[in-house]
Structure formats: C-alpha cells, structure tokens
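Open the model in your viewer and keep the selection panel at hand. The stops below go from one chain, to the contact between chains, to pairs of helices.

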Amino acid sequence: MSIFIDQSTRLVVHGITGRDGSFHGKQMMAYGTNVVAGVTPGKGGQQFEGAVPVFNTVAEAVRETQANTSVIYVPAAVAASAIFEAADAGIGLIICITEGIPVLDMTRVLPFVHERGARLIGPNCPGLISPGKSNVGIIPGNICQPGKIGVVSRSGTLTYEIIHQLSTQGMGQSTCVGIGGDPLIGTNFIHCLSAFEADAETAAIVMIGEIGGTDEQQAAEFVKQKVKKPVVGFIAGQTAPPGRRMGHAGAIISGASGTAADKMAALQQAGISVMKRPADVVPLLKERM
Amino acid sequence: MNLHEYQARDILRRHGIPVPPGEVAATAAEARAIAEHFGGKVVVKAQVHAGGRGKAGGVKLAKSVTEAEAHAKAILGMTIKGLTVRKVLVAPAAEIATESYVGIIVDRASQRPVLMVSPAGGIDIEEVAAKTPEKIHRLAIDPRYGLLPHQAMTLGFALYRDVKQARAAADIMQKLYTAVYAVGASLAEINPLVTTPDGSVQALDAKISIDDNELERRPDIAALRDVSAEAAAEVAAREAGLTFIKLEGYVGCCVNGAGLAMATMDLVKYYGGEPANFLDIGGSSNPQKVVAALRIITGDPTVKAILFNIFGGITRGDDVANGIVQATTAFPLKVPIVIRLTGTNEREGITILERAGFAALTDMDEAVQQAVAKAKGKAA
C-alpha cells in the first residue's frame, strides 16, 4: 500500500503540451506512472509522445480514459480555473504544482473542491510519489526508494534533502507528499498523518514544517490524540526574522505562534522527535523504530 | 506588497467609504501649501512601511501653517525602523468622539476572509487581541455569498448602539469586503474607524497589503509600488526573479527553494555562524539568475564567505555551475566560496566547476561547516 497514489492511479496531465507539463509528463511516464491523458484547449486530437491522447477538456479526458487523478502545470493566471475544471469533471485527486495563484482565488476554489468531494494537493507544491508505483508532480524519482517511511512536507527542495538522507541510508519511503507552501492549501498535515496512520505499509512518519501559521501545532495535537506510529519532525526557519516573507507565501512569522521555536515546542510536547538539522532524520527514526 | 496610508485611503474612497480629506507632500513647501488649504490646523503623518510611526515621532499635530511646514521638514528624511521617510500625509486635524477597528484578513485556519471588528480601536489590534480578546468580534465570510447584510449589521451593532452609526459601519464593512477582492488585498484594515462629534462615521487611517500573486493581473495596483521605500538589493533581486532578504550575519547564502534556503540559514547558525541573507534562486534553470544572485551577494560588504546549496530537481546542476563560472569571470570574488551541488545533472555541474578551478561538495553539513570556518577565518 501507500497513500493517495499507486498502480491504480490513472493520470491526466493538465497543460501537457506546455513547457513544464511536457517535460514532467515525459519524466512521469519514464518513471512508470500511468499517464492516460493530457489536456490542452485547442490541441484535442493530438497524441503526446505518440502514446497519450490529448483532449480539449478534462471532462472529455475522463469520459474517454477513466482518468481518476489530475496534475496541473498550467500558468498561475489559469491554474485556479484548471482546479475548478478538474473537480467539475469528477476527478477525485487533483494535484496543483503551479506557484503564484492569488490567495483570494483559493478562497473560492477550496469550497468548490470540497463540495465536489475531491481532494486537492497544493497549490505551489512538488506533488507526491509512491516510490516504485507512481510519481505525480516534480519530485525527482531517482532520489526515492520504496520502503516504510511516510514523508509529508510544506517544502520542495528541503523535502528532496530529507528523502536523500533517508534513501542513502537505507530507509525507503511508502509515499512522500509535498503539501505546498501557500497559506491556503487543499491537503494539510493532518490529512496526510491520518492517511499514513491508516496505511499498513507505513511504519513511521517524517513531517517537515516551516514558520508561519499554526498548521504544525494542530498537526502535533492530532499526533498526540490519534497517531500511534513514531513521528519525527523538522521545522525550517529557526533564524528567520519576524514580519518578512521567506519565499513561500505562507512562510511569515506574524505573532508568537508562527515561530519555529513555538512549533518545535508543540511537536516535542506531542511526543514527536524533533530534528535540529536535516541530517538528524535517520538517527532519530532509528531511535524510535 | 504594502501600500502607503495615502494609497490605501484612495482605494477606500474609490469604493465609497467616507475618508476625511488629506493630501500627500514630498517637500516641506508642498506640506505648507496643503496646510494653508486646510486652514492651518493639520496633522502631518510620515508615509513609511513601518508600524509605530507615532512613537517614532513620525506623526505630529500642527496649530499653524508655519508649524506644519516645520513638522514636515523634520519628518521628511527621518528614518523609522531603517526606512527613510520620503512623503508625508497632511490632513485637517479631526475631532474624534470614538475610535474603533475594522479589518479583513485572509485566515489560514478557516480558509476564508475573516472580518474583525473591535470597539477598542486606535491602538495595535494584536495588543487588543492579547490583552482583551473579548473586545474583538470575528466573522469568517463565506466567499460564495459574500458578506450578508444582517452579518454586517450585527457587527455594526457590536461597535455602535446608535442605529444610524451601526448602519454606517455595516455599509463600510460591505464596501471594504468588495475592495479586498477588487484590489487583491491579503489584509485591509481601518484603524481607527472614528465617529466625529456630529455623529458621522469615517475611516481615519487605513492599511492595505496586496497579495504579490495579484500584481500581474492588476497593473494599476502594481504601479503603486514605492521602490524608494524598499531596500535596493531586494528590489534588484525581485527584478531578477529572485527572493532576497538581508539579514545581520556574514555568511552569504544562495539556495534553490525557500524551505531549503531557510534550513541552510538554520544550519549556518547551528555550526556557529550567522547567515547574511535569505536568497532563493527559485526552481528555474537559468544561469543568468545565478549571475544576478552572485552580484547581489558580492555587493554586500558584510559577507565574509559565500555558500551555495543546490539540490537539483527542476534546477539543473550544470546550469547553476555555468552561472557561477560566468559570474566569477565577470567579477572576480574577493571572499571564499563553498559550493554544495547535488541532484539533477550533479556530475555535469561538478565537472564544469572543477574545470574552472572550484571544488564542489555533495554533502550539506560539510559545506555549511566549511563556509562558516572560512567566513570566520576571513573575519579574524
């Protein structure tokens, strides 16, 4: 098992003929992800890489190929619209890689996705990978190994760093999920922790948070109440100054609860082993498993 | 992007919210002319992106035209929290009966715009929230239906007993909510919302922050950016598509990805150093970005060593390596550089660097330790 994606994932790539969509479309196909369709308005009827049919709309792609998962690489100006379209077409899992969607657009997207019963991962995220089964997004497949560690993170390249630490020291992963660095996201830590707790293949969980908001504190409370599996955590931004946005739209310290120190304390109180640096991940996991 | 008070007031006025008169001046003579127009008794307020203007001496009451000119002269050019004041707002001194707070912020927890009102206005709302949380009324607005009239009226009555004033406040809340979506604000607050002795309700001071992601589709709002109110290096970085924030330390950091950039700064501190900056070159594969990044870091005289930490994904190691070689050929480095390069096209990148005489590491901890040691060696 794994969470959210596996061999049964039938993927439609939104923006498959664009620069990012075509590059990562090929990467995902090379990894073995079951890419069943692409969508680019006006290019319906074409074939991508001679193997994947391109449609004008997501609804057509779903009707013709039974796609159940969509990944979005389209530019920020049209990305919110792409999420609406995927949810309306009955896609159950939508992954939005695109960075730069206005937060007010997301205040309208999220209730719509929720009403349609879909799950959104992102936006502004690297996607997710269940090593050896399916890779949806932009996480480099070659740094991952199949195994028993579940990884959930608000970051992109920092997630790669942690995965790299795990893989090179013999700890494979069940699924790695990048939930995104924006203030409003579709899937949060708690959704992923809950899925990992229920997944028979996952033996321990690594959660990577950062400054800004209180998602990590709520996740810590959830771990305390509901998670029996060992959890190891990291918080980026211990040296970040208050009031300044550290790259991610959501990474800003406003008030005491958004600081790294506050989050690390909340994690510790919930029984989560807290790393001081990324290289601590494997020793801490070994201690707990 | 933060707007100045005078810009925020213009937006509110355009959305039909009653805002008392006032004009902006860049010189003491202009301030004098505006004061004359308003009859002499005016308040002169520094226009700067920093809180605590009053405490810093950036807000002064003038009883005469001459006094207004003198205040403007003193305030223009003064520094508040590291930022130089280049403009002042000159407005008639208002007579105030009561001060309240009305604000809208996009709330992460409820994933909705939240309207907050408090009868305790005129002071920092975070202070009110900390000391007397019962004085703050909150409402998460469902964006599918907007702010409903009865919801606004309920909050209007939370501020005023008088029905006319409550209705006026409710109308202002509706218009503020419309303004938030119209300009792409992540925060819009009126503090204080005042009543005057004759009973009218007015927005005396306003603060609006725009979501940077809105700027591309709103050129009129983007044009309000005041680059003179921002640090020069941060402006240069933004124009090059980088995110740069100056910090107090001496190890210059250049990283791909915001999370890894923060973790790198933290690791510099962990090994006894102090990071000089946050710099995220983003997920692109463009050597020119690396050149721009190095230009910014080397322009900072407090930097004693430069640390690259690149974990290639979309970013390719050979592109970063080419950027480093191009940049250091164009402007030779005066401080040591430590490069960590791993991930996509790692081998190609390291080969390019080694041919140009640079050593490249693949381990993050080792690279950070070396950079801290070299920075300290140089500093000693």
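Begin with chain A of this predicted model, which is divided into domain 1, residues 11-121, and domain 2, residues 139-288. If you colour the two domains of chain A separately, you will be looking at two bodies whose C-alpha centres lie 26 Å apart. Their contact draws on nine residues from domain 1 of chain A and nine residues from domain 2 of chain A.

Next, select α4 (103-115) and β7 (119-121) of chain A, each of which supplies at least two residues of the side of domain 1 that touches domain 2. The most is given by α4(A), with five residues. Coloured by class, this side of domain 1 of chain A shows seven nonpolar residues, one polar and one charged.

Now bring chain B into view. Here 43 residues of chain A are in contact with 43 residues of chain B. On the chain A side, select α3 (76-88), α4 and α5 (157-168), each of which supplies at least two residues of the side that touches chain B. Which helix gives the most to that side of chain A? It is α4(A), with six residues, and this helix also gives the most to the side of domain 1 of chain A that touches domain 2. The residues of chain A that face chain B divide into 22 nonpolar, 14 polar and seven charged.

Move on to chain B alone and select helix α2, residues 28-37, together with helix α3, residues 65-75; their axes come within 8 Å and cross at roughly 145°. The crossing of α2(B) and α3(B) is right-handed. Show side chains for Ala28(B), Ala31(B), Arg32(B), Ala35(B) and Glu36(B) in α2(B), which meet Val65(B), Ala68(B), Glu69(B), Ala72(B) and Lys73(B) in α3(B). By class, the residues of this contact are six nonpolar and four charged, with no polar ones.

For the last stop, select helix α10, residues 287-298, and helix α11, residues 317-330, of chain B, which pack at an angle of about 45° with their axes 7 Å apart. This angle makes α10(B) oblique to α11(B), and the crossing of the two is right-handed. From α10(B), Pro287(B), Lys289(B), Val290(B), Val291(B), Leu294(B) and Arg295(B) meet Asp319(B), Val320(B), Asn322(B), Gly323(B), Ile324(B), Gln326(B) and Ala327(B) of α11(B). The residues of this contact comprise seven nonpolar, three polar and three charged.

Note on methods:
Residues are numbered from 1 along each chain as its sequence is written. Chains are lettered from A and ligands numbered from 1 in the order in which they are written. This is a predicted model: local features need pLDDT of at least 70, side-chain atom pairs count only at pLDDT 80 or more; totals for chains, interfaces and linings use all residues. Axes are lines fitted to C-alpha atoms, for helices over the stretch in contact, and angles run from 0 to 180 degrees between N-to-C directions. Helices (H or I, at least four residues) and strands (E, at least two) are DSSP runs, numbered from the N terminus. Angles under 35 degrees count as roughly parallel, over 145 as roughly antiparallel, 65 to 115 as roughly perpendicular and the rest as oblique. A crossing is left-handed if the near helix is turned anticlockwise from the far one by less than a right angle, and right-handed if clockwise. Two residues are in contact if their C-beta atoms, placed from the backbone, lie within 7 Å. Ala, Val, Leu, Ile, Met, Phe, Trp, Tyr, Cys and Pro count as nonpolar, Asp, Glu, Lys and Arg as charged, and the others, Gly among them, as polar. Domain bounds come from an automatic or database domain assignment.
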